[in-house]
Amino acid sequence: MMRSSSKDMKRLNHLIGETDAVYHEMAVRFGLSDSAVRILYTICDYDDGTYCPLQIICRRTGISKQTINSAMRKLEDADIVYLTASGSKNKTVYLTEKGKSLASSTALRMIEIENHILDSWSKEDVEKYLELTERFLIALREQSKGLIETDGKNEKDREGGGSDDSVI
């Protein structure tokens, strides 16, 4: 017998979906794809906001390697980012001057909105929100380890493979 989500889980899923929809609407207003905005956002949120290792972008966005590869090529073609080798297997993504300007008018504006919202909450509310979110993530990560693959595909297959011409 299938068990449906609890009332609280349905509410959480609804809130996550609605939050994702707001981020999508911002991307649309910026005239960018969701993946392009998420890449720019991740770069802006990393270190000094001008570069980010590609591996970190993949991890923090949760976007498949195939989609990252496609979005990265479009951003490179538009002179928004460029990639450099960092070590034998790793690459780092840098914003160009055009990319810095674009990020300033898109991803950094999103970050300002988010900071403004958190700044309007009490310190206790922010800490509680972050604590509970982290606790949920840790439990989800731990409990998902016990899942058994049923489709027989490995991670590389699910992410669209890894052709020789990929940037990742």
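Trainee: How many salt bridges does the structure hold?
Mentor: First, this is a predicted model: local features need pLDDT of at least 70 and side-chain atom pairs count only at pLDDT 80 or more, while totals for chains, interfaces and linings use all residues. Residues are numbered from 1 along each chain as its sequence is written, and side-chain values use heavy atoms, with hydrogens and water left out. A salt bridge here is a side-chain nitrogen of Lys or Arg within 4 Å of a carboxyl oxygen of Asp or Glu. By that rule, the count is 2.

Trainee: Which residue forms a salt bridge with glutamate 97?
Mentor: Helices (H or I, at least four residues) and strands (E, at least two) are DSSP runs, numbered from the N terminus. In helix α5 (residues 97–105), glutamate 97 and its partner are 3 residues apart, so about one helical turn separates them. The closest N and O atoms are 3.2 Å apart, and the partner is lysine 100.

Trainee: In what order do the 3 strands of the open sheet stand?
Mentor: Strands pair if DSSP finds at least two bridges between them, and the pairing here is antiparallel. β1 (51–53) and β2 (81–86) each have a single partner strand, so they stand at the edges, with one side of each left without a neighbour in the sheet. That fits the order β1-β3-β2.

Trainee: Which residue of β3 is the bridge partner of threonine 84?
Mentor: β2 and β3 pair over 6 bridges, while β1 and β3 (residues 90–95) pair over 3. Look at proline 53: its bridge partner in β3 is threonine 92. For threonine 84, the partner in β3 is likewise threonine 92.

Trainee: Which residue takes a positive phi in the hairpin of β2 and β3?
Mentor: That hairpin has 3 residues between the strands. The phi is near 95 degrees, and the residue is glycine 87.

Trainee: Is α2 roughly parallel or roughly perpendicular to α6?
Mentor: Axes are lines fitted to C-alpha atoms, for helices over the stretch in contact (heavy atoms within 4.5 Å), and angles run from 0 to 180 degrees between N-to-C directions. α2 (residues 34–44) and α6 (residues 107–120) pack at about 70 degrees, with axes 8 Å apart. Under 35 degrees counts as roughly parallel, over 145 as roughly antiparallel, 65 to 115 as roughly perpendicular and the rest as oblique. That makes α2, relative to α6, roughly perpendicular.

Trainee: Which residues of α2 make the contact with α6?
Mentor: On the α6 side, the contact uses Ala107, Leu108, Met110, Ile111 and Glu114. From α2 come Val37, Leu40, Tyr41 and Cys44.
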